[in-house]
Amino acid sequence: MFANCSTTAQRGAIDWAPEFFKATKPVFEKLYAEVENGNETRRTLDVNSRDDYREILESELKEIRESEMWKAGKTVRSLRPENAPKANEEKSEKKQAHA
């Protein structure tokens with residue numbers, strides 16, 4: 001995965017990984033404990049068994065989808081060369097044809 005990132009992103013991952021590990025370790029420890037004791041499974045089954053779970057789920061997913069972090073990610077992905085608009089490809093082809 002890192003091989004597909006820019007060297008700037010790779011450097012950032014190397015430099016900041018220890019900080020992110022320290023910051024997220026307590027969250028993952030709590031999550032694993034909730035999975036191990038069965039609370040996560042019970043909560044998931046309870047929530048997903050409700051008649052309105054699809055509407056609630058869509059509302060929760062929309063909140064994440066519209067968050068600044070996800071919007072920024074969408075914008076960054078759109079700037080990748082392989083995601084360039086078709087118009088740019090057509091302009092390039094026309095230039096090559098006239099050369």
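**Group meeting talk: a protein of helices**

Reading along the sequence, we meet the pattern α-α-α-α-α, and the overall tally is 5 helices and 0 strands. Please keep in mind from the start that this is a predicted model, with a pLDDT that averages 88 over the protein and reaches at least 70 for 87% of the residues. That confidence is highest in helix H2, residues 39–48, at a mean of 96, and lowest in helix H5, residues 86–98, where the mean is 64.

Let me turn to the surface. Of the 99 residues in the protein, buried ones make up 2%, and the protein exposes about 9400 Å², of which carbon and sulfur atoms supply 58%.

One part of that surface deserves a careful look, namely a nonpolar patch formed by Val27, Phe28, Leu31, Tyr32 and Val35, which together have about 490 Å² of accessible area. Val35 sits in helix H1, which covers residues 7–36, and with a relative accessible area of 45% Val35 is partly exposed, because that value falls between the 20% and 50% cut-offs.

Two members of the patch bring us to the aromatic rings. How many aromatic pairs are counted here? The count comes to 1, and this pair is made by Phe28 and Tyr32, whose ring centres are 6.1 Å apart and whose planes make an angle of 40°, so that the pair is classed as tilted, being neither under 30 degrees nor over 60. Why are these two separated by about one helical turn? They are 4 residues apart in helix H1, and therefore about one turn lies between them. Phe28 is partly exposed at 40% relative accessible area, whereas Tyr32, at 54%, is exposed.

Finally, the charged side chains: a search of the whole structure finds 6 salt bridges, and I will show you some of them. Also in helix H1, Lys25 and Glu29 lie 4 residues apart, about one turn of the helix, and their side chains meet in a salt bridge with an N to O distance of 3.7 Å. Lys25 is partly exposed, with a relative accessible area of 40%, and Glu29 is likewise partly exposed, at 46%.

Further along, Arg50 forms a salt bridge with Asp46, with 3.1 Å between the closest N and O atoms; Arg50 counts as partly exposed at 39% relative accessibility, and so does Asp46 at 44%. Another salt bridge joins Arg65 to Glu58, where the closest N and O atoms are 2.6 Å apart, and here Arg65 is partly exposed at 45%, as is Glu58 at 40%.

Methods:
Residues are numbered from 1 along each chain as its sequence is written. This is a predicted model: local features need pLDDT of at least 70, side-chain atom pairs count only at pLDDT 80 or more; totals for chains, interfaces and linings use all residues. Side-chain values use heavy atoms; hydrogens and water are left out. Buried means under 20% relative accessible area, exposed over 50%, partly exposed in between (1.4 Å probe, protein chains only). Accessible areas come from the Shrake-Rupley method with a 1.4 Å probe; for residues, only the protein chains shown count as cover. Patches are made of residues with over 30% relative accessible area and no salt bridge: like charges are joined within 9 Å, nonpolar side chains (Val, Leu, Ile, Met, Phe, Trp, Tyr) within 5 Å. A salt bridge is a side-chain nitrogen of Lys or Arg within 4 Å of a carboxyl oxygen of Asp or Glu. pLDDT is the predictor's confidence in each residue, from 0 to 100. Rings of Phe, Tyr and Trp (its six-membered ring) pair if their centres lie within 6.5 Å; planes under 30 degrees apart count as stacked, over 60 as edge-to-face and the rest as tilted.
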